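Colleague: I'd like to go through this one with you and see which cut-off sits behind each label. Can you pull it up?

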Amino acid sequence: MTREKMSEAEAEQRFVAMLEADGWTVTTNNPDFADVIATKLGEPRLVAEVKGHTAAPGLDVNTLYGQILNRMSDLSGNTRYAIVVPESILDKVERVTPELRAILKLETWAVPAEGDPYQA
């Protein structure tokens, strides 16, 4: 698979590596929960859903939004929620307006073909 067509596993791996390099403790493979759960002393817990490039990225991003909304059970401020996608499908994520994502306090992270993931 080309880097422009980054799989979910690769996007997750690169996002996790960035978090771990920044001192976060990360768990993945949570069959009944989010793709990534990360904790760091002094920081709110981070819960993230990840999607890769697929044959139907728009549909899969819609699914991603549904998954993260279903995970948003702690609205106390002790948990941050994020969606993580390859940079190549960031435009699909941005169909939900920045204003709405801000109201939901939903972070968006993009994983570029080269370099570190960044908050979009």
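Colleague: What makes the pairing of the Ser76 and Asn78 side chains a polar contact?

Modeller: The distance: the two side chains come to 3.0 Å. A polar contact is a pair of N or O atoms within 3.5 Å, where one must be able to donate a hydrogen and the other to accept it, and residues adjacent in sequence count only if both atoms are side-chain atoms. So the label applies to Ser76 and Asn78. The side chain of Ser76 also makes a polar contact with the side chain of Asp74, at 2.5 Å.

Colleague: And what are these values based on?

Modeller: This is a predicted model, in which local features need pLDDT of at least 70 and side-chain atom pairs pLDDT 80 or more, while totals for chains, interfaces and linings use all residues. Numbering runs from 1 along each chain as its sequence is written, and side-chain values use heavy atoms, with hydrogens and water left out.

Colleague: Where does Ser76 lie?

Modeller: In the loop between α2 (57-71) and β4; helices (H or I, at least four residues) and strands (E, at least two) are DSSP runs, numbered from the N terminus. Ser76 also helps line the largest pocket, along with residues including Met72, Tyr81 and Lys105.

Colleague: What makes that a pocket?

Modeller: On a 1 Å grid over the protein atoms alone, a pocket is an open set of points with protein on both sides within 12 Å along at least five of seven lines, and a 1.4 Å probe that fits but cannot get out would make it a cavity; lining residues have an atom within 4 Å of a point. The volume is about 230 Å³, taken as the space filled by probe spheres set on the points, which are joined across faces, edges and corners. β4 gives the most to the lining, 3 residues.

Colleague: Why is Lys105 called exposed?

Modeller: Because its relative accessibility is 68%, and exposed means over 50%, buried under 20%, partly exposed in between (1.4 Å probe, protein chains only). Lys105 sits in the loop between α4 (98-103) and β5. Its phi is near 55°, a positive value in a residue other than glycine. Most residues other than glycine have a negative phi.

Colleague: Which residues touch the most other members of the largest nonpolar core?

Modeller: Phe15, Leu19, Val26, Val36, Leu46 and Val84, out of 17 residues. Such a core is a set of buried Ala, Val, Leu, Ile, Met, Phe, Trp, Tyr and Cys residues joined through side-chain atoms within 4.5 Å. The largest share, 5 residues, comes from α1.
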